[in-house]
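The exercises below are meant to be worked through with the sequence and the structure at hand. Try each task before reading the solution that follows.

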Amino acid sequence: MAALDVSIQAEILALLKSLKEKLGLTILFISHDLSVIANLCDYVCVMKEGQLVEEGSVREIFLSPKEAYTRALIGAIPLLENRQAESDNRTGELSALERA
């Protein structure tokens, strides 16, 4: 997905999300882009060097990660940090994850 134009990426992700909801599909989505994971997925498995490190709902993983590796990955997402800071200033909630 990273090689695609951003607008094409957004259209494909919106289509996947729509199909998932309309047809009740289960999709195995593998990505290094955690902001996409936060918006598309319901359940997350975090892997490091091929080993499962942590798993849980999007809400659990992004709002209260238990493993240091998961916290480091989430902390490395500038967009997610900016959204959280903006959201905390407005409502005290991370809006993208509240919908999850």
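**Exercise 1.** Is Glu49 buried or exposed? Decide this, and then describe its place in the chain and its backbone.

*Solution.* Keep in mind from the start that this is a predicted model. The first step is to take the relative accessible area of Glu49, which is 75%. Since a residue counts as exposed when that area is over 50%, Glu49 is exposed. The second step is to find its place, and Glu49 turns out to sit in the loop between S1 and strand S2 (51–57). The third step concerns the backbone, where the phi of Glu49 is near 55°, a positive value in a residue other than glycine.

**Exercise 2.** How many helices and strands does the protein chain have, and which pattern do they follow along the sequence?

*Solution.* Counting the elements gives six helices and two strands. Reading them along the sequence then gives the pattern α-α-β-β-α-α-α-α. As a last step, consider burial: of the 100 residues in the protein chain, 27% are buried.

**Exercise 3.** Find the salt bridge of this structure, and explain which parts of the chain it ties together.

*Solution.* A search of the whole structure finds one salt bridge. Its partners are Lys20 and Asp42, whose closest N and O atoms are 3.2 Å apart. Lys20 belongs to helix H1, while Asp42 belongs to the loop between H2 and S1, so the pair ties together parts that are 22 residues apart in sequence. The next step is to compare how the two partners are covered: Lys20 counts as buried because its relative accessibility is 16%, whereas Asp42, with a relative accessible area of 55%, is exposed.

**Exercise 4.** Which residues make the nonpolar surface patch of about 420 Å², and where is Leu25 placed?

*Solution.* The patch is made by Leu15, Leu19, Leu23, Leu25 and Ile27. Leu25 lies in the loop between helix H1 (6–23) and H2. The relative accessibility of Leu25 is 38%, and therefore Leu25 counts as partly exposed.

**Exercise 5.** Describe the largest pocket: what is its volume, and which element gives the most to its lining?

*Solution.* Begin with the volume, which for the largest pocket is about 580 Å³. Its lining consists of 21 residues, and those closest to the centre of the pocket are Phe29, Ile30, Ile37, Val44 and Cys45. Now sort the lining by element: helix H2 (34–40), strand S1 (43–48) and helix H4 (68–75) are the elements that give two or more residues. Of the elements, S1 gives the most, with five residues. Sorted by class instead, the lining of this pocket has 16 nonpolar, three polar and two charged residues.

**Exercise 6.** How many cavities of 30 Å³ or more does the structure hold, and which residues line the second largest cavity?

*Solution.* The structure holds two such cavities, of 30 Å³ or more. The second largest cavity has about 30 Å³ of space, and its lining is formed by Leu34, Val44, Val46, Ile61, Phe62, Thr70, Leu73 and Ile74. Two or more residues of this lining come from each of S1, helix H3 (58–63) and H4. The largest share, three residues, is that of H4. The final step is to sort the lining of the second largest cavity by class, which gives seven nonpolar residues, one polar residue and no charged residue.

Methods: Residues numbered from 1 in each chain as written. Predicted model: local features only at pLDDT ≥ 70, side-chain atom pairs only at ≥ 80, totals over all residues. Heavy atoms only, no water. 1 Å grid on protein atoms, 1.4 Å probe; cavity = no way out; pocket = protein on both sides within 12 Å on 5 of 7 lines; lining within 4 Å. Points joined across faces, edges and corners; volume = space filled by probe spheres on them. Helix = DSSP H or I, 4+ residues; strand = E, 2+ residues; numbered from the N terminus. Nonpolar A, V, L, I, M, F, W, Y, C, P; charged D, E, K, R; others polar. Patch = residues over 30% accessible without salt bridge, like charges linked within 9 Å, V, L, I, M, F, W, Y side chains within 5 Å. Areas by Shrake-Rupley, 256 points an atom, 1.4 Å probe, with all protein chains shown as cover. Salt bridge = Lys/Arg side-chain N within 4 Å of Asp/Glu carboxyl O. Buried < 20%, exposed > 50% of the residue type's maximum accessible area, 1.4 Å probe, protein only.
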